[in-house]
Amino acid sequence: MATTDVALHQAAGQVGPKRVVNNMSIQVATVNGSGSQSSNTVLLRSIFQMGVPVSGKNLFPSNIAGLPTWYTIRANKDGYIARKKEIDFVVAMNSETAQEDVMSLAPGASVLYDEPLNLSSLRQDLIFYAVPYDKLVAPVCPEAKLRKLVKNMIYVGVVAKLLEIDMAEVEKAIRKQFAKKVKAANLNLAAVQAGFDYAAANLPKRDPYVIQRMDKTTGKIIIDGNAAAALGCMFAGVTMVSWYPITPSSSLPESLIEYMKRFRIGADGKATFAIVQAEDELAAVGMVVGAGWAGARAMTATAGPGISLMAEFAGLAYYAEVPGVIWDIQRVGPSTGLPTRTSQGDILFNAFLSHGDTKHILLIPCSAEECFTMAQDAFDLAERFQTLVFVMSDLDLGMNNWMADPFKYPEKPIERGKVLAKEDLDRLGNFARYKDVDGDGIGYRTLPGTDHPAAAYFSRGSGHNEKSQYSERPDDFEKNMERINRKFETARSFVPRPEMVSNGKSKIGFIAYGTSHWAMIESRDQLRKEYNIETDYLRLRAYPFTREVHEFVKQHDRVYVVEQNRDAQMLSLLKLDLEAALVPRLRSIAHIHGLPLDARSVTDELMTMEGK
Amino acid sequence: MATTTSTPGPKTNRIGLAVLDYKGGRTTLCAGCGHNAISERIIDAMFEMGVPPERVAKLSGIGCSSKSPAYFMGRSHSFNAVHGRMPSVATGAMLANRNLLALGVSGDGDTASIGVGQFVHLMRRNLPIIYIIEDNGVYGLTKGQFSATADLGSKLKTGVINDLPPIDTCAMAITLGATFVGRSFSGDKKQLHSMMKAAIAHRGTVMLDIVSPCVTFNDHEGSTKSYKYMKDHDEPLQEISFVPAFEEIDVEYDPGTSIEVTMHDGSKLRLRKR
């Protein structure tokens, strides 16, 4: 725990003059399926509208209704939006978990609980607020069957009063949440008001946490990574999407369906795209390969178990050189693992997905903005290199709410790669599909349906020569595989470059990627402020690695690779890529427990490894 | 047929292509393999129907049958995909380019075992594809193991008796709502030719199960998919022929007169109005 937080917690428990402004982590514990998602979103948006940087993380079970779920809102004036280990303010609505939730708190934390749970006797070192929700809900919600849902909106009002959140912002957030459902909005608004009034009359403030207006969210939006990815894919010109439902990826194609129905219907009223819910992931990726071969921008979205099933087709696409985009919204494996928890556990598997010598381009977004921009990068790279491109998102990014700058209309022209049209063939006479004409390893392809007698070629996953004829000749095979490898080497200059922070003096470097980024920003500040340790940082955005990655390792004595898996997967990839002398510089900070990475764990582990 | 007095040139179809334009590479399948006969029927039917070869996308899975697209229609794009999963590749290709005519060639191993899931869903969707199963009851490329269409009690070359009932791909396709289902025999040139032309004319999924003997592994006594067995059990239920639909021909003439109308195939029809 940070020293400043300890001081604060010790001061709490009695009414202190100290107020903790715009720096807290609120955890709402409810029962899955009780409608708490709306209440939590309203609370999150209210804080966001107050101008305070905020993130919302849903920790939910693999279940439709009945099991415990936790939603954590972190508000932080400095913009730290990674998960914070310590919870400052608990809203305990779930009898099943309430005791454990309370017992795990650090001294000084606050607990807002449903009166019958009777939690205040559990500990002496916490601040307790009791609210009789059932008594409050009856007058505002005459319809008994809705009460379970409306009850959850009452705590929003109580929290708003206690944290000094402007009720006008709460109302605005409710109107947005329920949009055209005016009746529902009014009902929920009444519930929030009941909570607010109860707190005003009965709950004198004893905790230090308050939200005060700032201007750090001006112009920003709140969006989940999967919706951002869907928008990115639409703007990138996707026309064929096949998918099979799997958590945490389903909301990507489902968002895409909504966007495409709104914005991609032709003048004749017909869809200009096809989105197919396939029979399984084998078929989903097969359709991508077929559509990519036939010239469409094609994609699927899945998670680890789906990736396992797609392995064979990934090899075909690699070897037959067919473009396509696969979004892997990573969850915790192996096997079914923890389907509703986050990880960065598919890195190694995707990098080499399929049997034989295969290598794939991976793009790794860390934010909603990058989910949007990397969508176009992915399609452009897939078509340029005539291969699959994997976008390695994760559950934390894909399904949680993130602040983002509004997305810019793409400026780059779309890159369709080397495709010969009828007119090219008229000029050339013929072509050899897998011939390296330009020295970059990339051959020219034609699309089925091209109206020229010399346009056709035979795609296959079996051995072939540069004219795409069946061949078992050792020299044909070797030459072809070397050429495909040349493409991969060429790709190093085209994939998104890493983002680097370097002061030129630090001996310690961090390498991280994806959503680990948010803990990294905070951890580096902790190291500087608390231990006076300056660190450099490189955030990987793609595989294959660009030359900056090699340079970065060269410039540091010790390079800590931070990631959310057990086996230090990215570190292993780096080992394969770096010159041997640099490999001993790499150290691993790798964790997998299903929760988003927090800064404190990184800071503590670095200090231990540094022997301090 | 229309007669002509000029020297006959190479015969061309209605888009001006010769049958040679529909040929493919030299087959590497066994001499006498039923699959080669099916390739010939595809060539003839596509030629006669005047299908532009550039409009056709050939798709296949893995196995002897799936190699065969290399041996016909060299001017058509082709994709030899993974085992049993050709239907999804075909689906993707058709969704990407709705002007393509998809021709899928599979085998009984490729369809009825590893590919049965994708087969089922292809039939459900009724996309415009001709899906041919070159059905010989055995896995040829792996040297003659039973497939899931082998009949109960049929015998392998090694003497092994099949003790499982076969999957009837036609019955399955019908229950799944396929809109054109046929079964034929690679050795029945006339029937297969008509069926293939009808398949080309159909809009929707065509499923053809064509018994196609494997001369190397399943053409012996005790096999129910041998040439001899097929000839002994060939009981045609009806004569199948195909009349293609063409543009309607309109004629106008006065009562009391007659008119000679030239049909699309060159034949003539005399009409008289009273």
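Visitor: What makes two strands a pair?

Guide: Two strands pair if DSSP finds at least two bridges between them. In this predicted model, six bridges join strand E3 (residues 101-107) of chain B to strand E4 (residues 129-135) of chain B. Six bridges satisfy a rule that asks for at least two, so E3(B) and E4(B) are paired. The two strands run parallel, and B:Gly107 stands opposite B:Glu134 in E4(B).

Visitor: Which sheet holds these strands, and in what order?

Guide: The order is E18(A)-E2(B)-E1(B)-E3(B)-E4(B)-E8(B)-E7(B), an open sheet of seven strands with parallel pairing.

Visitor: Why do strand E18 of chain A and strand E7 of chain B stand at the edges?

Guide: Strand E18 (458-460) of chain A and strand E7 (180-185) of chain B each have a single partner strand, so one side of each is left without a neighbour in the sheet. From one strand to the next, the twist averages 15°.

Visitor: What lies across strand E3 of chain B?

Guide: Helix H3 (residues 86-96) of chain B lies across E3 and E4, as well as strand E1 (56-60) and strand E2 (77-80), of that chain. The helix runs at about 175° to E3(B).

Visitor: How do you know that chain B agrees with a compact globule?

Guide: A compact globule of 274 residues would have a radius of gyration near 19 Å; chain B has 21 Å, which agrees. Along its principal axes, the C-alpha trace of chain B spans about 75 × 45 × 40 Å.

Visitor: What share of the residues in chain B is buried?

Guide: Buried residues, those with 20 or more other C-beta atoms within 10 Å of their own, make up 46% of the 274 residues in chain B.

Technical notes
Residues numbered from 1 in each chain as written. Chains lettered and ligands numbered in written order. Predicted model: local features only at pLDDT ≥ 70, side-chain atom pairs only at ≥ 80, totals over all residues. Helix = DSSP H or I, 4+ residues; strand = E, 2+ residues; numbered from the N terminus. Axes fitted to C-alpha atoms, helices over the stretch in contact; angles between N-to-C directions. Contact = placed C-beta atoms within 7 Å. Rg over C-alpha atoms; globule rule 2.2 N^0.38 Å. Buried ≥ 20, exposed ≤ 12 C-beta atoms within 10 Å, placed from the backbone.
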